[in-house]
Amino acid sequence: MRAALAGTVLAAFLVAPVHADDSACKRHISVVGRAVETRAPDFAEISIGVEARGATAAAALDAASKAVAGISAQARTLGVPPADIGTAAVTLQAATRAVVRPGGGSTEEPDGYRASNLVTVRLADMDHLGDLLRQALDSGANRIDSVSFGLRDPDTTESALQVAAARDARTRAEALAEALGTKLGPLCTLSTQGGAPFPMASRALPAPMPAKGRRVPIEAGTIQMSSEVSASFAVAP
């Protein structure tokens, strides 16, 4: 068992990069330290809006815009600041309809216009998320493209995870050195990886939505963050 472990560590000696001018690092142990943390999200972000049709381009766009204005107003009544409400997309297209001709053939003919207006709302008080969705539907929304959750300050968590991963790397290296009967020396190389939240919980909700008055049930779940640190340490001859 000891011989197998020694072979593994010696292989690490060959794989890890070594600075030619650093004699202390000619013999070294390379390890990967890891740290993981699961947290509840602290904001929800929804993309919601309206798709409307009209005989003219202006009529279609006005209908979509009026409903979206109501959605934004509902969000503000729930305490969402203006900075957390933004237009996600506005589209306007000519619509067509299929007309069946005598003999079984069909052609596409103009049929007014189709417009959509989507707004993205970031909500910190997630207890009101179901209420916001319900009120948006009552204001005329007929599209909910996505519901996602995240962290407002992931950098703080990432920094803490990198420190924890570095400590884990040191612990792993010390255990290997002790198993080989040698002593761990100074740090030779260090690199960090990862840290982004994954997966960011996301759910797409189709239209049409539930009957009028029913609160839309939404579960935020959790977000997992991780960090890895690759490190090599010198060992005594």
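**Exercise 1. Which residues are exposed on the other side of α2?** Work out how the two sides of this helix are set apart in the predicted model.

*Solution.*
- Step 1: Locate the helix. α2 covers residues 57–77, 21 residues in total, and its first and last C-alpha atoms lie 31 Å apart, close to the 30 Å expected at 1.5 Å a residue.
- Step 2: Pick out its buried residues. These are Ala60, Ala64, Ala67, Val68, Ile71, Ser72 and Ala75. They sit on the same side of α2 because the arc they cover around the axis is only 145 degrees.
- Step 3: Recall a general point about spacing. An α-helix has 3.6 residues a turn, so residues three or four places apart point the same way.
- Step 4: Turn to the other side of α2, where Asp62, Lys66 and Thr77 are exposed.
- Step 5: See what lies over the buried residues of α2. The cover includes β2 (43–54), β3 (85–100), β4 (106–123) and α3 (129–138).
- Step 6: Look just past the end of α2, where glycine 79 has a positive phi of about 90 degrees.

**Exercise 2. Find which element supplies the largest share of the largest nonpolar core.**

*Solution.*
- Step 1: Start with the core itself. It holds 28 residues, and Ile46, Ile48, Val121 and Leu129 have the most contacts inside it.
- Step 2: List contributors. At least two core residues come from each of β2, α2, β4, α3 and β5 (143–150).
- Step 3: Name the leading one. α2 gives six residues, the largest share.
- Step 4: Zoom in on one member. Beyond residues up to four places away in sequence, isoleucine 48 touches several partners, among them Ile71, Leu118, Leu133 and Ile144.

**Exercise 3. Describe the surroundings of threonine 157: is this residue buried or exposed?**

*Solution.*
- Step 1: Place the residue. Threonine 157 belongs to helix α4, which runs over residues 154–179.
- Step 2: Apply the cut-off. Threonine 157 has a relative accessible area of 5%, and buried means under 20%, so threonine 157 is buried.
- Step 3: Find its partners. Apart from neighbours within four places in sequence, threonine 157 contacts Glu37, Arg39 and Met225.
- Step 4: Look at the arginine again. The side chains of threonine 157 and arginine 39 share a polar contact of 2.5 Å.

**Exercise 4. Decide where to read the model with care.**

*Solution.*
- Step 1: Take the chain as a whole. Its mean pLDDT is 81, and 81% of its residues reach 70 or more.
- Step 2: Find weak stretches. The pLDDT is below 50 over residues 1–21, and it is also below 50 over residues 198–211.
- Step 3: Draw the lesson. Where pLDDT is low, the predicted coordinates should not be read in detail.

Technical notes. Residues numbered from 1 in each chain as written. Predicted model: local features only at pLDDT ≥ 70, side-chain atom pairs only at ≥ 80, totals over all residues. Heavy atoms only, no water. Helix = DSSP H or I, 4+ residues; strand = E, 2+ residues; numbered from the N terminus. Buried < 20%, exposed > 50% of the residue type's maximum accessible area, 1.4 Å probe, protein only. Polar contact = N/O pair within 3.5 Å; in protein donor to acceptor, adjacent residues only side chain to side chain. Contact = heavy atoms within 4.5 Å. Expected span 1.5 Å × (residues − 1). Arc of directions from axis to C-beta. pLDDT = per-residue confidence, 0-100. Core = buried A, V, L, I, M, F, W, Y, C linked by side-chain atoms within 4.5 Å.
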